[in-house]
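I opened this one to go through it element by element and jot down what I found. Notes follow in the order I went back over them.

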Amino acid sequence: MPEGQTVNKLILILLVASTLPVQAQEQPQTVLYKAAAIHTADKGTIKNAQMLVTDGIIQAIGQNIRPTRQTKVVDLGKLQLYPGLIAATTSLGLTEINAVRATQDTTEVGEFTPDVEAWVSVNPDSELIPVARANGFTHALVAPMGGTITGTSGLIKLAGWGVEDMTVKTHAALHLWWPVMTLNTRPKETLRDPDKYKSPKEQTKARDKKLKTIDEFFNEAEAYARARKAGDPNFKKVPAWEGMLPALSGKQPIMVHANEVRQIKTAVAWAKRHKFKIVLAASRDAWQVADLLAKEKVPVIFDNVFTLPQRDTDPHDIHFRAAGILHKAGVKVAHSEAMGSWGASRVRNIVYAAAKSIAHGLPREAALRSLTLHPAQMLDVADRLGSLTQNKEATFIAVDGDIFDIRANVKHMWIAGKKISLQSRHTRLYEKYKNRPKLNK
Amino acid sequence: MKSTLLGRAVLTFLVGLLVSLVSLQAAEILPPGQRPRPLGVHALSGARVVVKPGTVLEGATILIRNGRIQAVLHKGQVGIPADARVWDLKGKTIYAGFIDPYLSLGKDKAKPVSNRWTVPIDARAGVSFTGVPTTKADMGRKGPGYEIAGVRPEHRVAAEFSPDPKELTALRALGFTAANVIPTEGIYRGTGTLALLGEGNPNQLILRPDTVQHLAFSSTTKRAEGYPNSLMGVIAVIRQTVFDAQHYYTMQAWHKAHPADARPEYNPSLEALRPVLAKAGKQQIIIESGSVLMEHRAQVLATELGFNPIFVATGQEWRRPNLMKQIKAPFIVPVVFPAIPELPEEVDWNQVSLDQLRGWDWAPEIPALLRRDHAIALTTHGLSDRKAFRKNIARAIERGLKEDEALAALTTEPARLMGATQLIGTLEKGKLANLTIVNGDSWFNPENEIDSVWIEGRHFAHDNPKPEKPDNDKKDGQDEKKKEEPKPTPRLAKSPDAFRGPLLSPKNVIIQNATIWTCGPEGVITNGSIRIANGRIVEVGRNLNPPKSFDGIVIGAKGMHVTPGLIDCHSHSMILGGVNEGTLPSTAMVRIGDVVNSETGNIYRQLAGGLTTANLLHGSANPIGGQNQVIKLRHGAPPDALKFTNAPPGIKFALGENVKQSNWGDEKTTRFPQTRMGVKTFFNNRFTAARQYLADQLREDVAPMRRNLELEAIGEIINGKRLIHCHSYRQDEMLIFMRTMERFGVKIGTLQHVLEGYKIADEIAAHGAGASAFSDWWAYKFEVYDAIPYAGSLMHARGAVVSFNSDSSDLARRMNLEAAKAVKYGGTSEEDALKFVTLNPAKQLHIDQWVGSLEVGKDADFVLWSGHPLSTQTLCEQTWIEGYQYYDRSKAHARAKALVAERTALLAKAQKKDSKENASVAARSAFFLRALEKAHALNNCYECRKVKP
């Protein structure tokens, strides 16, 4: 059979299928996907390859997989397959319109709120979710914002009927927003309220106190954990302390949000002292301490590729190069967008942060992992997600070119073998107004 | 010149003053019980007398009679009168009493002009704008005056001069005997008064009641929320006030000829500006502009408005010494030098920037730097610790200021500036007996204590001759005294000019073997060549080779791509002192061109992404914003040399949520307009007013018209001379805006952002407005919920001229990749997509005759790329403007390294200085004061931050 025909047929099928947000009909049990290339993210790229999927699980990937009679063959022609992309830190689903307060569920009040759970408040019908999906994102870590310990995040898949079926992993990480450590050096007379001026010494004191508070909070949490373990029948559970338990037991990583080099160094030392497993998020200045992070095996979620250089002596392209510097030192890097409302509307562009990093020294394979395998490993779901490998979920996308090229488009998406629509508010409005009749002049 | 009428009047006045003083001092017998006055005859003998800078008499005697210097006798010369009280001043040095030309007194002491301009949040207007219900009648003060509270030139320091004796004691302790006491508040601040710093009746202390007018680039009034609250707004007010004053004078003359017509108002503010604007014998005006770029702007403004200016220096002049040379007026120079801060921890030093270290290292050199091309007078202004004055002058002398120059700057120069050379400034016969006496042979050695000062023949002993101590840490100060002062180290800080300006400036350039994206009719030329001569493209083709005698550069560009320099149709990246004058609903009179920031790092960063031209726009806080400025990124050039002089003028308009203050907080409900209905109504109102204004200008039967800068700018739009760039989001608001403009015969230049433009692409194309869009921003406000990344392609497909803009100092670094999004979303061809950031914005700005494509005759603005310009993997290798190379990636890292090395060296120097250096808290915190040019936040994104409180 000439190849062209298969592709045409396939496209027809896909077009029909893609009108539903999640395809309701049963998929054939076993499907063989043929593509121009499969980028596995853990075992390199295989050209002219096939991927055999049964019940949403990858059975095999190779160049010579023969379909049985029951196998449905999907020939994707010139398209290239990549694992579904994972947005490592987002407020996706917790926000709709930045300026409309009523649509904001990103940020809670209080310094220590470990019992806040972010994923439970994801709006499954947020218009921002399909927009992220349209550029290849199948998963996002939804994390809480607010005070110092803001709560726990959950990993969601970006398609589903409700929060419960979208949630892939609850309690994925505990979030600790490291206190600001830089001095406010603005002279007293330039402050709007000069009475609030604090000298550098006073600021240092206040900062040390705040750092101590974090230590103290974890100490108290540990005391709670021990008391709970002692098994007193009259032991009274406290929700906030309960929220700390997974992180204390090492089951859950602590994600430390910090940008400034001093925060990063202090946080790493703190984690080492307590033997906590941490992931660094935001990480603007991480490149300055790449060796330290490599030595302490702290993975980095970097969302500052497009941040302007902070110091007047920084090279103009330092943040374009930062991920490459970290990788070269041996640090595991994931790319992301900034947390909050603005970042949530721009998840689709995380791919181009990684792309820019490639142009400035990050190896292409590491860049692909920064959007797939690395976040999956950081969130401890790499047994299911993050690469196209036998026994993992068939969660993947088909792209009509290089995913790191802006001109390329994601054409299809599957999550655990299910075909997912790439339609969004944007494509709907596009179709609508593309078809507006030409104005009669 | 003294021959002028005003000069003569001053002289007459001074002579009159003299007569009265003589009679007072000679004849006064105080009532019993009061301490009798000493006789007024003294002989100060044996001292080293510095008659004036450069004239020193050793062991001379000064004779004082009735407050005047009667004679200066040489050593050994006889003639001490019998009635004189003789003072033996051997071992002491006598100078003419020092004069501070810029002294502010009292609890409302003037701070140096602020370098912090906040984003406007309140829109309560002081100007009588029809339809603004919150307009207050009294403009923040009672009584007649100008409509803007900051314009108070009628204010006279002389009218309320009553100095605190303690403050005067402190000034005398430095050697000061007289000062021009300045007004402290507003923009036009009023006239200063020249006064003696003695004791007693203010009537007697004042030498010249009204010296000069004072102008400050400052919005600080007690009610600071009104117009203006941006730097460009202040400059607009300075201009408009002058035009209003001129009109006021004209109307008074006109009224005499037409007594039956409308009676002109009485306006004391405008009346007070008469001497400043007089055709001859102008009163001088001291301008404190607060920043180095604004010093130059003040000079330009002074020329435009016909002022006779004196400038107040900022200490930042090291940033632009060449620009200072263009200033042709004297400087009043503060000696505020930042000191090394005390930081609690070693790691805190990471926060110290190169710019701050440079400012610290350069500061003591500023007086010498300014003295090279200008007359200077020194002042204590801005010095919160006046005791540092002498020490700082000593440091200025170490760094190149000559002692005689410093002395002149304390005596003869301020006397000249204040028009009082007949009375003070030297120790010559007939002058007032104002003396500064110091132990030892020089005042300029801060170790030498002040002995006393004499003011108009009255002796003021220095009553507190203890060693000076720092305020902050007394113990340390005492230890310090014993130590040997460290020798001054030479300056390590470099000039910013060492790191900017063209890298190559050849006469001719030939590029060979490149893929050339002409963005013109030639399309893409593979293996192409371009020849450039004198900044212009002279040939585009293939296989161009240099002639035998070729004076220039040949670039072999095999594998590389060449595109036109990228153009950003919406930028705020190089603006000083506030992007919005958001106080009034129409601020058509303010100009971005007045406040271009040539010092920001954004220029280099954006050049490094291939950007060569930017449209600097006012913000979107009001329906009619300010006038824009198109610039080229000629890195290193001062503001006016960045301007794209051929670009037609334009203006920023805005619609929707921003102008109706939707996201400004719940209290902002009273400025008109609050709805999109009101926005349309407002435009109709202002354009009708402007049309009326234009019509009235043609009439001869009416009273002389007031020049109205707001309506003038809108009138230029109606006349087709000014392009509208209108921030617009929703389709309905764009439609009615186009229709409203059409009613006035106006074609819109660009719809900016134009997020829902794709819904009315045909209407936009039919109107002929350019569509300058975001590539893919959405969802940050309700009005962008329908924004889609396909918008650019959709509008392009329907015939609109589409560009992608940045509105962000980040995105402006990678506009080529923004263009790639038009390929991705909606399938615009690559060639057309590249035009979204080259030819199309050039068309929209009406500059496509010069830039936007690589065609013969156009400016040689181009970028060399390592590969396909729309690929994320491509790097910008070189950026050229008008045949000069401004960015070269291969040189960028050496540049960065040199900056790091300079910082490291400066940091070492700073830390080597004893951290317990004898400095005040104020001097230490001044280290962190940022120059206005460097005060802009590093905000990546203007539009997205704006909606947050």
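**Two helix pairs in chain B**

I started with handedness: the crossing of α17(B) and α19(B) is right-handed. Worth keeping in mind throughout that this is a predicted model.

Next I pulled up the geometry of that pair. Helix α17 of chain B covers residues 676-698 and helix α19 of chain B covers 731-743; I get an angle of about 15 degrees, with the axes 10 Å apart. The cut-off for roughly parallel is under 35 degrees, so α17(B) counts as roughly parallel to α19(B).

Then I looked up who touches whom. From α17(B) come Arg676(B), Val679(B), Lys680(B), Phe683(B) and Asn684(B), and they meet Glu733(B), Ile736(B) and Thr740(B) of α19(B). Sorted by class, this contact has 3 nonpolar, 2 polar and 3 charged residues.

I wanted a second pair to set beside it, and picked helix α9 (residues 354-362) and helix α25 (residues 889-912) of chain B. These pack at about 55 degrees, axes 9 Å apart, and are therefore oblique to each other. The crossing of α9(B) and α25(B) is left-handed.

On the α9(B) side I noted Leu354(B), Leu357(B), Arg358(B), Trp360(B) and Asp361(B); their partners in α25(B) are Leu899(B), Glu902(B), Arg903(B), Leu906(B), Leu907(B) and Ala910(B). The classes here are 7 nonpolar, no polar and 4 charged.

**Hairpins in chain B**

Moved on to the strands. I found β1 (41-52) and β2 (55-65) of chain B paired in the antiparallel sense over 9 bridges. As a register check, I see Ala43(B) opposite Leu63(B) in β2(B). The two strands make a hairpin with 2 residues between them, and Gly54(B) in the turn has a positive phi of about 95 degrees.

β2(B) also runs antiparallel to β3 (68-73) of chain B, joined by 5 bridges. Ile62(B) has Val72(B) in β3(B) as its bridge partner. This is a hairpin too, again with 2 residues between the strands. In its turn, Asn66(B) has a positive phi of about 50 degrees.

**Chain A overall**

Counted up chain A: 13 helices and 16 strands. Its C-alpha atoms fill a box of roughly 80 × 70 × 45 Å along the principal axes. Is the radius of gyration what a compact globule would have, or not? For 441 residues the expected value is near 22 Å, and chain A has 24 Å, which agrees.

I then traced an open sheet of 8 strands in chain A, in the order β6-β7-β8-β9-β10-β11-β12-β13, with mixed pairing. At the edges stand β6 (85-90) and β13 (333-335) of chain A; each has a single partner strand, so one side of each is left without a neighbour in the sheet. On average, neighbouring strands of this sheet are turned by 25 degrees against each other, direction ignored.

Zoomed in on the β6(A) edge: its pairing with β7 (137-142) of chain A is parallel, over 4 bridges. Ile86(A) stands opposite His139(A) in β7(A).

**Where the chains meet**

Last look was at the interface. I get 49 residues of chain A in contact with 59 residues of chain B. On the chain A side, α4 (200-230), α9 (341-344), α10 (350-359) and α13 (425-434) each supply at least two residues. By class, that side of chain A has 21 nonpolar, 13 polar and 15 charged residues.

Conventions: Residues numbered from 1 in each chain as written. Chains lettered and ligands numbered in written order. Predicted model: local features only at pLDDT ≥ 70, side-chain atom pairs only at ≥ 80, totals over all residues. Axes fitted to C-alpha atoms, helices over the stretch in contact; angles between N-to-C directions. Parallel < 35°, antiparallel > 145°, perpendicular 65-115°, else oblique. Left-handed = near helix turned anticlockwise from the far one by under 90°. Contact = placed C-beta atoms within 7 Å. Nonpolar A, V, L, I, M, F, W, Y, C, P; charged D, E, K, R; others polar. Pairing = 2+ DSSP bridges. Rg over C-alpha atoms; globule rule 2.2 N^0.38 Å.
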